[in-house]
Amino acid sequence: MASQNHLLLGFLVIATTVLVLATTSANATADLNELCNDSTYPTLCKSILKVGKGVTGQSDLQAVRSAIQATWVQAKHAMVTLNKTIATTTDPAKKANLETCSELYDTAIDDLATSLSNLKDKVKSDLMINLSAVMTDFDTCTDTFREFNMESPVGNINQLLYQLSTDSLDLAHGLNF
């Protein structure tokens with residue numbers, strides 16, 4: 001009889017744990033869906049927030065911080081790739097465009113750092129201005145190559161950075177402080 005009670009108790013503990021985990025997982029998905037609903041790139045937004053600090057119960061503020069940090073990290077990595085590409089490019093026009101992109105990336109990285117400070121200080125107007133500038137920097141890099149009908153050697157990276165910065169701006173738009 002005692003072993004049956006332990007077995008029943010064990011079963012109840014396992015069943016309760018499974019139920020709690022399933023509910024938590026469903027809430028995490030709902031939180032992600034809610035946070036990313038109005039973003040321009042919802043799939044990318046959800047993937048950013050999944051690798052950010054804790055999905056379950058992630059606040060709007062944490063979500064924006066995760067998105068900005070993801071953009072900053074990717075921009076820093078892209079800068080390394082961009083500088084290697086500049087060093088190996090022999091076409092003067094392409095090299096000039098890449099150098100323009102390098103300057104724009106530098107500015108964007110600085111603006112992302114400033115955006116994190118704006119977020120910490122809860123200055124939404126400055127946050128929105130800086131995130132808009134970041135998005136514009138990446139878009140301008142793309143335009144630099146388009147204007148000369150050139151294929152950009154960093155086009156895919158730049159597109160990802162533009163999308164990340166757009167989602168950061170979209171998430172920041174929903175902040176109320």
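Glutamine 62 sits in helix α3, which covers residues 60-88. In this predicted model, glutamine 62 comes out at 34% relative accessibility, so it counts as partly exposed. Its partner in one of the computed distances is leucine 49: the two are 13 residues apart in sequence, with 8.9 Å between their C-alpha atoms.

Moving on to charges, helix α5 is the place to look for a salt bridge. Arginine 146 and aspartate 143 pair up there through their side chains, with an N to O distance of 3.2 Å. That falls within the 4 Å cut-off for a side-chain nitrogen of Arg and a carboxyl oxygen of Asp, so the contact counts as a salt bridge. The count by this rule comes to one salt bridge. Both residues belong to helix α5 (residues 124-146), and the spacing of three residues puts them about one turn of the helix apart. As for cover, arginine 146 counts as exposed because its relative accessibility is 55%, whereas aspartate 143, at 27%, counts as partly exposed.

Then there is a patch of like charge. Glu99, Glu103, Asp106 and Asp110 together form a negative surface patch. One of these residues, aspartate 110, can be placed in helix α4, which runs over residues 92-121. With 52% relative accessibility, aspartate 110 is over the 50% cut-off and so counts as exposed.

Key
Residues numbered from 1 in each chain as written. Predicted model: local features only at pLDDT ≥ 70, side-chain atom pairs only at ≥ 80, totals over all residues. Heavy atoms only, no water. Patch = residues over 30% accessible without salt bridge, like charges linked within 9 Å, V, L, I, M, F, W, Y side chains within 5 Å. Areas by Shrake-Rupley, 256 points an atom, 1.4 Å probe, with all protein chains shown as cover. Lys, Arg positive; Asp, Glu negative; His and termini not counted. Charge placed at Lys NZ, Arg CZ, Asp CG, Glu CD. Helix = DSSP H or I, 4+ residues; strand = E, 2+ residues; numbered from the N terminus. Buried < 20%, exposed > 50% of the residue type's maximum accessible area, 1.4 Å probe, protein only.
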